[in-house]
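Subject: Structure handover

Hello,

Here is the structure I said I would pass on. My notes are below it.

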Amino acid sequence: MSTARGEAGTSVARARDLVFVRLRRFDVGDYHRLGESGVLSPEDRVELIDGEIVEMTPIGSRHAMCVARLTSFFSGRTGSKAVVFVQSPIRLGRHSEPQPDLAILDPGDYSSHLPASRNVQLVIEVADSSLDFDRGVKVPLYARARIPEVWLVDLPGEAVEVLRHPARA
């Protein structure tokens, strides 16, 4: 019986490879309408990345403490020269609205609109279990948006990767 299941699963996988599937990319308007209509709830930990709604990994205690320390560090040093934006969305074009762990923004009031890439001085992603995704998907996204500096905090490796002008790399 397990052999039959294995063969069926293999056949389904082969059939899926042969079928052309057209995916619909969401734009930020679609994404917000999904939230307004209740399809996505405030409890859903999701972000819009290149038109796809991506579930974020849970925040563990080590990750939370690192974000808290970074927030305290930057808040104490920036004063009115910058806005420290913590785990909040930034708009990067028509199809992306990631929620970096920390973003340092130009001074201003962002209560009526989300900050755009032109408003972002620095993005910090703290990675515990999301390192591959952050490095392989989010850092290139920030580079395409011309974010001038990205820090990737590698908690398991106890390292910080600093990428200045990542679009040039």
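The notes go from the whole chain to single residues.

This is a predicted model, in which local features need pLDDT of at least 70 and side-chain atom pairs count only at pLDDT 80 or more, while totals for chains, interfaces and linings use all residues. Residues are numbered from 1 along each chain as its sequence is written, and side-chain values use heavy atoms, with hydrogens and water left out.

Confidence

The average pLDDT (the predictor's confidence in each residue, from 0 to 100) is 88 for the chain, and 85% of the residues score at least 70. Confidence is highest in strand β4 (residues 102-105), at a mean of 98, and lowest in helix α1 (residues 2-18), at 49. Over residues 1-9 the pLDDT is below 50, and this stretch has 0 contacts in the model beyond near neighbours in sequence; contact means heavy atoms within 4.5 Å. Where pLDDT is low, the predicted coordinates should not be read in detail.

Overall layout

There are 4 helices and 7 strands in the chain, arranged along the sequence as α-α-β-β-α-β-β-β-α-β-β. Helices (H or I, at least four residues) and strands (E, at least two) are DSSP runs, numbered from the N terminus. Of the 169 residues, 38% are buried, where buried means under 20% relative accessible area, exposed over 50%, and partly exposed in between (1.4 Å probe, protein chains only). The accessible surface of the chain is about 10400 Å², with 54% of it belonging to carbon and sulfur atoms; areas come from the Shrake-Rupley method with a 1.4 Å probe, and for residues only the protein chains shown count as cover. Among contacts between residues at least 6 apart in sequence, 52% join residues at least 24 apart.

Nonpolar cores

A nonpolar core here is a set of buried Ala, Val, Leu, Ile, Met, Phe, Trp, Tyr and Cys residues joined through side-chain atoms within 4.5 Å. The largest has 16 residues, and those with the most contacts inside it are Ile 90, Leu 92, Leu 105, Val 120, Val 123, Tyr 142 and Ile 147. Two or more residues each come from β4, β5 (120-127) and α4, and α4 gives the largest share, 3 residues. Apart from this core lies another, of 14 residues, among them Val 67, Leu 122, Val 126 and Trp 151. Returning to the largest core, Val 120 touches Ile 90, Ile 104, Leu 105, Ile 147 and Pro 148, not counting residues up to four places away in sequence.

Helix α2 and its cap

Helix α2 covers residues 28-36, and Val 28, Asp 30, Tyr 31 and Leu 34 are buried in it. Seen down the helix axis, these buried residues fall within an arc of 160 degrees, so they line one face of α2; the arc is that of the directions from the helix axis to the C-beta atoms. The cover over them includes β1 (46-49) and β2 (52-55).

Asp 27, in the loop between α1 and α2, caps the N-terminal end of α2, with a side-chain oxygen 2.9 Å from the backbone nitrogen of Gly 29. A polar atom of the Asp 27 side chain also lies 2.8 Å from the backbone nitrogen of Asp 30. Asp 27 counts as buried, at 16% relative accessibility. Leaving aside neighbours within four places in sequence, Asp 27 is in contact with Arg 33, Leu 48, Arg 94 and His 95. After α2 comes Gly 38, whose phi is positive, near 90 degrees.

Loop residues

Most residues other than glycine have a negative phi, and most peptide bonds are trans. Gln 87 is not a glycine, yet has a positive phi of about 45 degrees. Gln 87 sits in the loop between β3 (83-86) and β4 and is partly exposed, with a relative accessible area of 30%.

Arg 146 likewise has a positive phi, of about 60 degrees, although it is not a glycine. Arg 146 lies in the loop between α4 (131-144) and β6 and is exposed, at 64% relative accessible area. From Arg 146 to Arg 118 the C-alpha to C-alpha distance is 8.0 Å, with their positions 28 residues apart in sequence.

Glu 158 is in the loop between β6 (149-154) and β7 (159-164) and is exposed, with a relative accessible area of 69%. The C-alpha atoms of Glu 158 and Asp 128 are separated by 9.9 Å, and the two residues are 30 residues apart along the chain.

Regards

Note on methods. A polar contact is a pair of N or O atoms within 3.5 Å; within protein, one must be able to donate a hydrogen and the other to accept it, and residues adjacent in sequence count only if both atoms are side-chain atoms.
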